[in-house]
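Colleague: I'm new to this one, could you walk me through it?
Modeller: Gladly, let's look at it together.
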Amino acid sequence: MSTEGDKNQSQALYLLGGKALWTKELEVALKENVVDMLVHSLKDVPTTLPHGCELGAILERENPVDSLVVKQGLPYKTLEDLPEGSVVGTSSVRRVAQLRRSFPGLVFLDVRGNLNTRLAKLDATDGPYTALILAKAGLVRLGMGDRVTTDVTAPILFHAVSQGALGVEIRTDDQEARELCKMLTHQETQWKCLAERALLRELEGGCSVPVGVSTSLSQIDKSAGELTRATLTITGCVTSLDGSLHVQDTLSQEVESIQGAEELGRNLAIKLKSNGAKAILDDITQDRRERASEAETAE
C-alpha cells in the first residue's frame, strides 16, 4: 500500500503539510477491516489519531539520534570537517533549522525518496550532495549502519519526537489486537514517546515543524515487571527556519503513569510557547502558506 507521502516525491515535505501524509490511506484500510494492525515509524504518526483508531503498542526504541552520512570516497568525518559551501541533504526542516545555528557556512538541500534512493543520490558522482543527515534507526534497521560516518547529537541536533520507535495502530473496538499489543509494548519507550507526543500535540506541530526533543528515564521502579515510577527528564526546542531564533527548555519530574508522562510533556510545551516558541511557530505557519501558494501559482 502507498500513501500520499510515498507518491509525492517531488515537493518538499515542508510544503506538503502534516504527518497524515504517511498514514491516511493506511488508516482507511484499518477502519474498513482490510487490515487489523498498522506498523508505523512513530515519528510519522499524527499526535491525534482518527476516531476509532488508537496506538496499541510502542516497541523498544532504537537509538533515536540523527547521523551524518558522507558521500563514498570523501575523507570528511564530522560536520566540522565539511568545507564551507558543502551541500548537505535532508528533507527535515527540524534538522536544517538547528544545524544552521552551528554551521551557517553549509548549504542544505532537500532530498526525497526511500533510503536506497537517497543514498544513491548522495553517492552519484555528478550529484550535488557532500553528505546527508539521516535517522540512525532507519539505517540500522535496514542493515546499513556501516554507512554512518558519525552521530550528530544534542545540543547540536535534538532528534524528532518519537524518532527511533515503532508504533502499532489498531481499531479501538478490537480487544483481541489490544491484548496482543500489550505483549509488544516496551514501557520505558512508551512513557518517553508519549511525553514527547504530548509536547508536540500542545505545540500543534507536524512532521515539518522544527521541534526537537531529548528524553530520558532514571530512578526506575518496577513491580511484577511493570513500570510503576521513574524520573522523567525531557528537553524540547523550537527553532526558526533560518536558525536565528531558538527556544529551549527542560523539565524533570517523578511520574507514576502514562498520564503523568504526558502531563510533563504538555507542561514543557506550555513553557516553551510562553518563552517565544509560539511566535516562531506562527511565523513558520505563515511562511508555509505563502510558499505553498507560490508553488500552486507556478504550476
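Modeller: A word on terms before we start: contact means heavy atoms within 4.5 Å. Please also keep in mind that this is a predicted model.
Colleague: OK, so what is Val238 in contact with, leaving aside its neighbours within four places in sequence?
Modeller: With that restriction, Val238 is in contact with Leu203, Pro210 and Val211, then with Leu245, His246 and Val247, and also with Ala277, Ile280 and Leu281.
Colleague: And which residues touch the most other members in the largest nonpolar core?
Modeller: That core has 27 residues, and Val238 belongs to the group that touches the most other members, together with Trp191, Leu199, Leu203, Val211 and Leu232.
Colleague: Which elements supply at least two residues each?
Modeller: The helices α8 (187-203) and α9 (258-298) do, and so do the strands β9 (211-223), β10 (226-239) and β11 (246-255). Of these, α9 gives the most to the core, with 9 residues.
Colleague: What lies apart from it?
Modeller: Another core, of 14 residues, lies apart from that one, and its members include Val70, Val96, Phe108 and Ile133.
Colleague: Switching to the surface, which residues make the nonpolar patch?
Modeller: Met37, Leu180 and Met183 make a nonpolar surface patch of about 300 Å². Leu180 is found in helix α7, which covers residues 175-182, and Leu180 counts as partly exposed because its relative accessibility is 41%.
Colleague: Now cysteines: is Cys237 buried or exposed?
Modeller: Cys237 is buried, with a relative accessible area of 0%, and Cys53 also counts as buried, at 8% relative accessibility.
Colleague: How many disulfides are there?
Modeller: The count comes to 0 disulfides.

Key
Residues numbered from 1 in each chain as written. Predicted model: local features only at pLDDT ≥ 70, side-chain atom pairs only at ≥ 80, totals over all residues. Heavy atoms only, no water. Disulfide = S-S within 2.5 Å. Buried < 20%, exposed > 50% of the residue type's maximum accessible area, 1.4 Å probe, protein only. Core = buried A, V, L, I, M, F, W, Y, C linked by side-chain atoms within 4.5 Å. Helix = DSSP H or I, 4+ residues; strand = E, 2+ residues; numbered from the N terminus. Patch = residues over 30% accessible without salt bridge, like charges linked within 9 Å, V, L, I, M, F, W, Y side chains within 5 Å. Areas by Shrake-Rupley, 256 points an atom, 1.4 Å probe, with all protein chains shown as cover. Salt bridge = Lys/Arg side-chain N within 4 Å of Asp/Glu carboxyl O.
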